[in-house]
Amino acid sequence: MRTPVEEFLEIEAERYELAEGPMYRFGIARRDLFRALGGGLLVFLVAGEAQSLLAVPEAPQQESGGGARRGGGGGGNNQAPPEIGAWLHIGEDGIVTAYTGKVEVGQNARTSLTQAVAEELRVAPASIRMVMGDTDLVPYDAGTFGSRTTPAMAPQMRRVAAAARERLTELAAERFAMDKNSLIVQNGKIQHPATGRSVGFGELTQGKKLTATVSADAAITPPAEWTVIGKTLPKVNGADIVTGRHKYTSDLKRPDMFYGRVLRPNAYGAKLASLNSAKAAAMPGVTVVRDGDFVGVTAPTTSAAEAALEALEAKWTPPATPHPSAKELYTLLKTPVEGQAGGGRGDVNVGSVEEGLNAATKKLSATYTVAYIAHAPLEPRAAVAEWQEDKLTVWTGTQRPFGVRSELAGAFGIGEDRIHVLVPDTGSGYGGKHTGECAVEAARLAKAAGKPVKLVWTREEEFSWAYFRPAGVIDVTAGVGADGKLVAWEYHNYNSGTASIRPLYDIPNQKVMFHNGRSPLRQGSYRGLAATANHFAREVHMDEMAHSIGVDPLAFRLQNIKDERLRNVLVAAAEAFGWSKTKPVTGRGWGLACGFDKGGYVAACVEVAVNPKTRQFQSIERVVTAFECGAIVNPDHLKNQVDGAVVQGLGGALFEAVYFAEGRIGNPYFSSYRVPRFRDLPREMKTVLLDRKDLPSAGAGECPIVAIAPALGNALFAASGTRLRSLPLLPKKGAA
Amino acid sequence: MTPKNFPLVVNGEKRPVTAAEDETLLRVLRENLDLTGTKYGCGEGQCGACTVLVDGKPVRSCITPAATAVGKPVTTIEGLANGDKLHPLQEAFLAEGAMQCGYCIPGMIVSAAGLLKRNPNPSEAQILQAMQGNICRCGSYPRILAAIQRAIKGKTS
């Protein structure tokens with residue numbers, strides 16, 4: 001049983017995009033100006049009695065840290081600031097402002113964190129303003145990834161709000177000269193029921209910062225008593241979305257702002273041999289920038305920037321070693337990387353697989369492959385950069401505002417205290433917006449133009465110059481005994497990753513290894529990371545084993561699962577689906593899969609229809625998903641996340657794949673990279689949410705995506721008799 | 001490229017702009033008129049985030065020359081509400097929670113508005129067909145479908 005910190009560190013191993021060296025380091029002379037920033041310093045007063053410093057329960061280096069002052073300071077220590085005022089402020093008007101380093105990318109963190117504060121502070125959600133991802137205002141946070149907002153940030157906000165509630169109660173008790181235990185907190189007021197005396201929060205704080213500290217054991221409300229959390233609070237800024245009022249980064253306009261474009265190499269690894277920019281530079285309002293290998297233009301409109309870009313005459317030197325062909329991909333991924341026998345992280349060695357296989361009555365080996373897929377967020381990477389004196393402000397849609405701040409500091413050789421990153425609620429990320437290329441590029445262009453610059457990546461750039469979910473090859477060998485119980489499990493994952501690599505099945509002899517591969521494409525985090533690949537390989541192999549010994553796939557799994565939470569979702573999905581009640585009719589096939597990731601548990605049952613003659617896939621008739629992640633924070637938003645993940649997962653399951661050749665992406669457009677659309681919806685989708693108020697709330701942004709692909713593959717096998725071992729299950733004919 | 005005047009009428013108001021003669025309607029709306037509700041998603045008319053109504057019909061403004069919109073009423077997401085009163089589709093999307101990151105939503109609502117103008121009572125299959133050109137990468141299709149159906153039921157005209 002791994003500790004949360006161990007699990008978190010394991011997650012980190014796969015975030016290749018974070019381990020890369022900087023993409024740009026610009027030759028800007030270091031300014032010798034160190035201006036102390038006013039306005040952010042907090043007068044630190046510990047109110048009398050000793051209060052324990054906030055201890056962040058999990059992964060202390062990774063979460064919610066920051067110096068004593070708001071904004072995290074110049075990168076010092078990353079411990080969570082202990083004083084309430086760094087996280088929450090109550091204005092004289094009673095408006096509550098909360099500060100979090102998490103960002104909103106469609107997962108409804110803005111709403112769920114509002115609920116967390118509203119619950120503990122006993123205020124209406126409408127009186128809360130949530131400031132997210134503004135590096136000048138919020139405590140340091142490592143990033144919005146790993147499904148960490150619900151299990152780590154929400155409890156933090158709750159402790160903060162509970163501490164504020166206690167502090168306010170103390171202040172009211174002083175004011176009324178009464179025992180604080182005779183007071184109740186409700187609706188933004190402290191009341192003394194016996195006398196009817198009442199005082200609003202705003203009157204108590206007078207708008208001053210709350211300097212009391214947050215204790216790790218602040219009295220937070222147990223789930224059984226929740227009145228705000230656990231209910232469906234509608235998305236707090238929904239009205240701005242449906243009216244088009246909300247400004248995404250790509251919508252922002254700054255005074256005198258110009259638009260940028262970046263010149264991309266004609267292939268990966270190509271180097272700029274020569275550049276003739278005379279024509280472009282002669283265009284009205286155009287500035288051309290060349291800094292090392294970075295070439296870009298700015299102009300008064302996007303069209304003018306495009307025209308300027310097209311007018312650049314660049315010659316490229318191809319890389320010394322040709323970029324690998326997609327045909328070599330899986331061979332490359334299995335080629336050992338020097339100095340790496342096994343991956344280390346995620347490896348399991350239990351018992352003796354050799355002995356287990358010798359004792360097995362049935363053995364099965366198979367190889368599974370998983371293609372690269374793209375995040376394809378509907379809002380592409382975008383940034384607006386503005387230099388003033390020596391302060392750089394960048395608005396950008398990123399999951400890591402403080403990470404981007406560091407990237408900017410490194411790229412320009414300036415201190416983080418001179419950089420301000422803001423993240424408007426963003427048009428999705430899915431793990432694909434951890435890196436700040438666009439922010440750095442926009443800042444470089446703005447520096448050259450001497451004006452604010454907006455840079456919005458084209459769809460082609462978003463498909464080509466970001467990073468992908470890793471491709472992978474997975475070899476599995478399993479053995480069962482005569483009683484249908486697994487006796488051996490050997491599992492090798494090449495390149496794809498370690499997320500959920502360990503089976504939750506009850507297997508006495510296991511050897512599980514991750515092997516680093518030579519990925520020809522830039523790769524990194526994705527929704528669920530390698531859990532999508534690992535569940536595909538594992539759950540299809542389980543299905544193959546079940547069929548080979550003539551046991552029902554559901555029964556086979558239940559026979560081999562001890563984990564109660566996994567059993568529960570599997571049983572719930574199967575029951576809602578009617579798995580054991582009836583049988584599929586001709587031309588239909590049923591498949592199921594179950595899994596776990598980041599503290600959540602999921603199971604899916606799928607019915608597909610095939611053409612009765614050709615037995616080719618025709619349609620998805622039914623999908624039933626069961627999901628459990630502890631105590632539910634917002635039932636409707638949870639269902640939204642689960643359904644959304646399943647629908648998105650249809651793409652990776654059925655048709656999404658990145659094709660490449662000669663150092664270029666072959667399908668960098670929506671016209672050539674197929675994503676799920678309305679008509680790909682299953683005829684019927686049903687979701688069962690299990691609410692475990694007795695368990696801490698885990699995140700749900702990722703886990704629900706892992707079961708759909710193997711369940712679909714297994715259903716296809718049942719319907720057609722053809723076993724498919726590759727994702728996507730139904731690739732384009734003739735594609736690379 | 002010589003700049004050209006486009007005497008556009010957007011959301012019931014005269015909004016003349018000057019832009020390159022081959023400028024797209026999307027860029028004119030977003031950059032000249034600061035009507036940023038209509039979004040850029042792909043630039044090739046494949047994702048529907050840029051959908052506006054021209055003469056009541058949905059068009060992908062990213063591949064529509066501004067010139068072709070002259071002389072016709074243009075409606076963007078900003079023009080659907082009546083002051084504070086939201087359009088039935090907007091209310092339905094809110095009621096169904098039919099959004100996650102929200103980026104596709106203006107295009108979805110405008111496409112749906114266009115559909116309901118030409119077919120006030122479409123079947124589910126007709127809705128799916130009409131909306132097939134709008135991508136929701138977050139996977140909110142089931143809710144968006146429910147929102148459109150809700151708006152249809154709730155319409156009084």
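Between chain A and chain B of this predicted model, the count of salt bridges is six. One of them joins the side chains of Lys39(B) and Asp251(A), with an N to O distance of 2.6 Å. Polar contacts across the same boundary, with both residues at pLDDT 80 or more, amount to 34 residue pairs. On the side of chain A that touches chain B, the elements giving two or more residues are α6 (238-242), β7 (258-262), α8 (302-311) and α17 (635-654), and the largest share, eight residues, comes from α17(A). By residue class, that side of chain A divides into 22 nonpolar, 19 polar and 14 charged residues.

In terms of contact, 55 residues of chain A meet 48 residues of chain B. The two chains bury about 4,300 Å² between them, and 53% of this lies on carbon and sulfur atoms. Within chain A, the residues that lose the most area to chain B are Val242(A), Leu378(A) and Phe678(A), which together account for 21% of what that side buries.

**Chain A as a whole**

Chain A holds 18 helices and 27 strands, and of its 736 residues 62% are buried. Among its contacts between residues at least 6 apart in sequence, 76% join residues at least 24 apart. Separation in sequence can also go with separation in space: Asn187(A) and Arg290(A), 103 residues apart in the chain, have C-alpha atoms 58 Å apart. Asn187(A) itself lies in the loop between β4 (184-186) and β5 (189-192) of chain A, and it counts as exposed because its relative accessibility is 61%.

**Strands and sheets**

An open sheet of six strands in chain A follows the order β12-β20-β19-β18-β13-β27, and its pairing is mixed. Its edges are formed by β12 (348-350) and β27 (726-727) of chain A, each of which pairs on one side only. Inside the sheet, β13 (residues 362-370) and β18 (residues 472-480) of chain A run antiparallel and are paired over nine bridges; along this pairing Lys362(A) stands opposite Val480(A), and Leu364(A) stands opposite Ala478(A). Towards the edge, β13(A) is joined to β27(A) by two bridges in the parallel sense, with Thr369(A) standing opposite Ser726(A).

A further parallel pairing is found between β2 (residues 96-100) of chain A and β3(A), which are joined by five bridges, Ala98(A) having Met130(A) as its bridge partner. Strand β3 (residues 128-132) of chain A is largely enclosed by the rest of the structure, because four of its five residues are buried.

**A buried loop residue**

Thr249(A) is placed in the loop between α6 and β7 of chain A. Although it belongs to a loop, Thr249(A) counts as buried, because its relative accessibility is 1%. Its contacts, leaving aside residues up to four places away in sequence, include Glu379(A), Trp395(A), Pro424(A) and Lys454(A). The side chain of Thr249(A) also reaches the backbone nitrogen of Gly397(A) at 3.3 Å.

**Salt bridges within chain A**

Over all chains, a search of the whole structure finds 48 salt bridges. Three pairs within chain A are set out below.

| Pair | N to O distance |
|---|---|
| Glu203(A) and Arg175(A) | 3.3 Å |
| Arg588(A) and Glu621(A) | 3.7 Å |
| Asp691(A) and Lys693(A) | 2.6 Å |

The salt bridge of Glu203(A) with Arg175(A) links distant parts of the chain, since Glu203(A) sits in helix α5 (residues 201-205) and Arg175(A) in helix α4 (residues 149-176), 28 residues apart. Glu203(A) counts as partly exposed at 43% relative accessibility, and Arg175(A) counts as partly exposed at 41%.

The salt bridge between Arg588(A) and Glu621(A) likewise links distant parts of the chain, with Arg588(A) in strand β21 (residues 588-597) and Glu621(A) in strand β23 (residues 617-628), 33 residues apart. Here Arg588(A) is partly exposed at 29% relative accessibility, whereas Glu621(A) is buried, with a relative accessible area of 8%. Both residues belong to a network of salt bridges that also links Glu607(A), Arg622(A) and Arg683(A).

In the remaining pair of the table, Asp691(A) is partly exposed, with a relative accessible area of 37%, and Lys693(A) is partly exposed, with a relative accessible area of 33%.

Key: Residues numbered from 1 in each chain as written. Chains lettered and ligands numbered in written order. Predicted model: local features only at pLDDT ≥ 70, side-chain atom pairs only at ≥ 80, totals over all residues. Heavy atoms only, no water. Contact = heavy atoms within 4.5 Å. Buried area = accessible area lost by both parts, 1.4 Å probe. Salt bridge = Lys/Arg side-chain N within 4 Å of Asp/Glu carboxyl O. Polar contact = N/O pair within 3.5 Å; in protein donor to acceptor, adjacent residues only side chain to side chain. Nonpolar A, V, L, I, M, F, W, Y, C, P; charged D, E, K, R; others polar. Pairing = 2+ DSSP bridges. Buried < 20%, exposed > 50% of the residue type's maximum accessible area, 1.4 Å probe, protein only.
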